[in-house]
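User: I should like to examine how the descriptive terms applied to this model are justified. Please take the contacts as the starting point.

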Amino acid sequence: MLRADMKRACRLFAGAAVLAGVMLPPATAGLPGADESAFIRQQPSADAREVMEWVAREADNKGLPFMIIDKKNARLFVFGPDARFIGSAPVLLGSAKGDDTTPGIGDKKLSEIKPEERTTPAGRFQAEVGRNARGEDVVWVDYNAGVSMHRVITSDPAEQRLERLATPSVADNRISYGCINVPKAFFENVLNKAINGGNSVVYVLPEVKPLASV
């Protein structure tokens, strides 16, 4: 999501993460110290596996916990500082396909943002924990562009965000202005514990560009 109104929409999300009759697919949380096979059992895409192996080999995470967001499969993978797999969950992403952020979009009002500009940008991001306007914790992926990772927004039932997370298809996981919506229980019990209130690195895989280009 984006600054100004976009940040407001990102920040003023509802705290609830469960609606009656909605069953989310189970997020997968590995035990501390789980080996790479735990990650492989999640059947990650070739790109996700390549990035994970590269980060581990090159220590590109610089000793920080890190996350891989596979946009093509609308999936989040969380790893510890030692590159060991911690957990995985489905996510919701920007409604528009694309790997770039429109210049200056962080200063636009929601009403000014075109549908094609609602992308979740790809790349390597130094993320940090922050607070929204209501004092709720989020993970800022790109603060200047207003892109954050937070609990799934359920304030507008018409958007059916929990239902979108629950379906096996990834075609309906595109709904946000660019922010990454994470299942509430996974955000609180896995992601938050992994980053422990500190910085992390987020790798957002491209969906249009070649992986090597970002």
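Analyst: Leaving aside neighbours within four places in sequence, Met-149 is in contact (heavy atoms within 4.5 Å) with Met-67, Ile-69, Leu-76, Val-138, Val-139, Val-141, Ile-180, Val-182, Phe-187, Leu-191 and Val-202. This is a predicted model, in which local features need pLDDT of at least 70, side-chain atom pairs count only at pLDDT 80 or more, and totals for chains, interfaces and linings use all residues. Residues are numbered from 1 along each chain as its sequence is written, and side-chain values use heavy atoms, with hydrogens and water left out.

User: What makes a set of residues a nonpolar core, and which members of the largest one touch the most others?

Analyst: The term denotes buried Ala, Val, Leu, Ile, Met, Phe, Trp, Tyr and Cys residues joined through side-chain atoms within 4.5 Å; buried means under 20% relative accessible area, exposed over 50%, and partly exposed in between (1.4 Å probe, protein chains only). The largest such core has 25 residues, of which Leu-76, Met-149, Ile-180 and Val-202 touch the most other members.

User: Why is strand 3 called largely enclosed?

Analyst: Strands are DSSP runs of E with at least two residues, numbered from the N terminus. Because 4 of the 5 residues of strand 3 are buried, the strand is largely enclosed by the rest of the structure.

User: How do you know that strand 2 and strand 3 pair?

Analyst: Pairing requires that DSSP find at least two bridges between two strands. Strand 2 and strand 3 are joined by 5 bridges and run antiparallel, so the criterion is met. Met-67 stands opposite Val-78 in strand 3.
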